[in-house]
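User: Hi! I'd like to walk through this structure with you, a bit at a time. Could you start with whatever I need to know about the terms?

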Amino acid sequence: MNIKKILFPTDLTECGLMPVDYVVYLSKKYRTPVQILYVDQMLQLLYSMGPYAETNFGMLSENFKTASDKRIDDLITNSFTKSVSVEKLYRSGTPHREIVDAAAAEHSDLIIMGTHGHSGFTSMLGSNADRVARMAPCPVMVVGKRKTFDGFNQIVFPVDFSLRCRETLSENIELVRELGSELSLIHVVEAKQTLRDEELSEKFDKFLNKIDTSGTIYKKKIFRAHSVRSGIIDYAVKNEADLIMMGTHGYTGLKKIVMGSVTADVLNHSPIPVLVLREAPVKDLKTENDKEMALIDR
């Protein structure tokens, strides 16, 4: 993953400002500019209030912009050094759509945003983080809870042994090296599954066979849990991970409902930041099993 421009959407609430340390850290490490995005939702409020709000809409919107502009200036002054280029962006509309559109228009390489873990008019975050992660043209890092941050020392990457997962790991393992992280590759086995550890270990070795792990400190782990989501989060918490990296196909609507999404579940429940990667396309699916596994929407 080549990070040349970071987009930081925030609603300026406590949750919306949780990613600041991560934004500052990565912008310094990669010497990349940061764009702070604030989405004005007054248009949504106007629609809910009907025609009587029309005359006051412009004034309300301008007041919101003035107040948010001052707070963003304070944020830049207090959190960013002069060596980091910071730009302010303003958009009006539905938050997740505006964030995705801004990332596309600005050619962002990474979106870093907070989440409240739920939706609501009072915030432009909440479930919008899930929508952004599925729709964005670039990877998305979601920070759900405040914790002391001193770098990405431990990274967890869940694997399902599919070709698509292997290609995604191959494309992003350089990021792990650049961050100087120790990588935990985990395969979560649900309680209902009956495969023995020996069989799973063979699958693990086959999965890693074509991945260049040189220069990477990593360990592989088979972790049994009630569900894949709970297993990923439990392992990451117990091992004091600083980041969970996962892929997503970007499915929406009926296809997402039918196939499920472990990534969305982890993103909405993890106390540890989650980096949602765009999954690599797979040109050659050699077996029917690979085809089936590659279609899993994690």
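Analyst: Happy to. One cut-off first: a residue counts as exposed when its relative accessible area is over 50%, as buried under 20%, and as partly exposed in between. Keep in mind too that this is a predicted model.

User: Thanks. Let's try that on Glu240: is it buried or exposed?

Analyst: Glu240 has a relative accessible area of 65%, so it is exposed. Glu240 sits in the loop between helix H8 (228-238) and strand S9 (243-248).

User: And what is phi of Glu240 near?

Analyst: It is near 50°, a positive value in a residue other than glycine. For background, most residues other than glycine have a negative phi.

User: Which loop holds Phe161, the one with a positive phi?

Analyst: Phe161 is in the loop between S6 and helix H6 (163-179). The phi of Phe161 is about 70°, although Phe161 is not a glycine. Phe161 has a relative accessible area of 16%, so it is buried.

User: Okay, new topic: the sheet. How many strands, and in what order?

Analyst: It is an open sheet of ten strands with mixed pairing, in the order S3-S2-S1-S4-S5-S10-S9-S6-S7-S8. Its edge strands are strand S3 (86-92) and S8, each of which pairs on one side only. From one strand to the next, the twist averages 25°.

User: What packs on it?

Analyst: Helix H4 (residues 95-105) does, touching strand S1 (6-9), strand S2 (34-40), S3 and S4. The direction of H4 makes about 150° with that of S2. H6 packs on the sheet as well, where it touches S6, S7, S9 and strand S10 (274-278). The direction of H6 makes about 180° with that of S6.

User: Can you give me some strand pairings in detail?

Analyst: Sure. Strand S4 (residues 110-114) and S5 pair in the parallel sense over four bridges, and the bridge partner of Ile111 in S5 is Val140. Strand S7 (residues 182-190) and strand S8 (residues 217-225) also pair in the parallel sense, over nine bridges. There, Glu182 has Ile217 in S8 as its bridge partner.

User: Which helix makes a β-α-β unit with S7 and S8?

Analyst: That's helix H7 (residues 197-208), and the unit is right-handed.

User: Let's stay with the sheet for a second. What does Ile155 in S6 touch?

Analyst: Leaving aside neighbours within four places in sequence, Ile155 is in contact with Val176, Leu179, Ser181, Glu182, Leu183, Ser184, Leu243 and Met245. Ile155 is buried, with a relative accessible area of 1%. The C-alpha atoms of Ile155 and Leu275 are separated by 10.0 Å, with these positions 120 residues apart along the chain.

User: Switching to aromatics. How many pairs does a search of the whole structure find?

Analyst: Eight aromatic pairs. One of them joins Tyr22 and Phe152: the ring centres are 6.0 Å apart and the planes are at 50°, so the pair is tilted. Tyr22 lies in helix H1 (residues 20-30) and Phe152 in the loop between strand S5 (140-143) and strand S6 (154-158), so the pair ties together parts that are 130 residues apart in sequence. Both Tyr22 and Phe152 are buried.

User: How do the rings of Tyr25 and Phe152 pair?

Analyst: They are edge-to-face, with 5.8 Å centre to centre and 70° between the planes. Tyr25 is in helix H1, and this pair links parts of the chain 127 residues apart.

User: Buried or exposed, these two?

Analyst: Tyr25 is partly exposed, with a relative accessible area of 27%, whereas Phe152 is buried at 1%. Ring pairs link Tyr22, Tyr25, Phe149 and Phe152 into a cluster.

User: What about H1 and H6, how do their axes cross?

Analyst: The axes come within 12 Å and cross at roughly 90°. Angles of 65 to 115 degrees count as roughly perpendicular, and H1 and H6 are therefore roughly perpendicular to each other. At the contact, Tyr25, Leu26, Lys29 and Tyr30 in H1 meet Leu175, Glu178 and Leu179 in H6.

User: Last one: how many residues of helix H5 are buried?

Analyst: Six of the eight residues in H5 (residues 128-135) are buried, so to speak of the helix as mostly covered is fair. They are Asn128, Ala129, Asp130, Val132, Ala133 and Arg134.

Technical notes: Residues are numbered from 1 along each chain as its sequence is written. This is a predicted model: local features need pLDDT of at least 70, side-chain atom pairs count only at pLDDT 80 or more; totals for chains, interfaces and linings use all residues. Side-chain values use heavy atoms; hydrogens and water are left out. Two strands pair if DSSP finds at least two bridges between them. Helices (H or I, at least four residues) and strands (E, at least two) are DSSP runs, numbered from the N terminus. A crossover is right-handed if, with the strands pointing away from the viewer, the path from the first strand over the helix to the second runs clockwise. Rings of Phe, Tyr and Trp (its six-membered ring) pair if their centres lie within 6.5 Å; planes under 30 degrees apart count as stacked, over 60 as edge-to-face and the rest as tilted. Buried means under 20% relative accessible area, exposed over 50%, partly exposed in between (1.4 Å probe, protein chains only). Axes are lines fitted to C-alpha atoms, for helices over the stretch in contact, and angles run from 0 to 180 degrees between N-to-C directions. Angles under 35 degrees count as roughly parallel, over 145 as roughly antiparallel, 65 to 115 as roughly perpendicular and the rest as oblique. Contact means heavy atoms within 4.5 Å.
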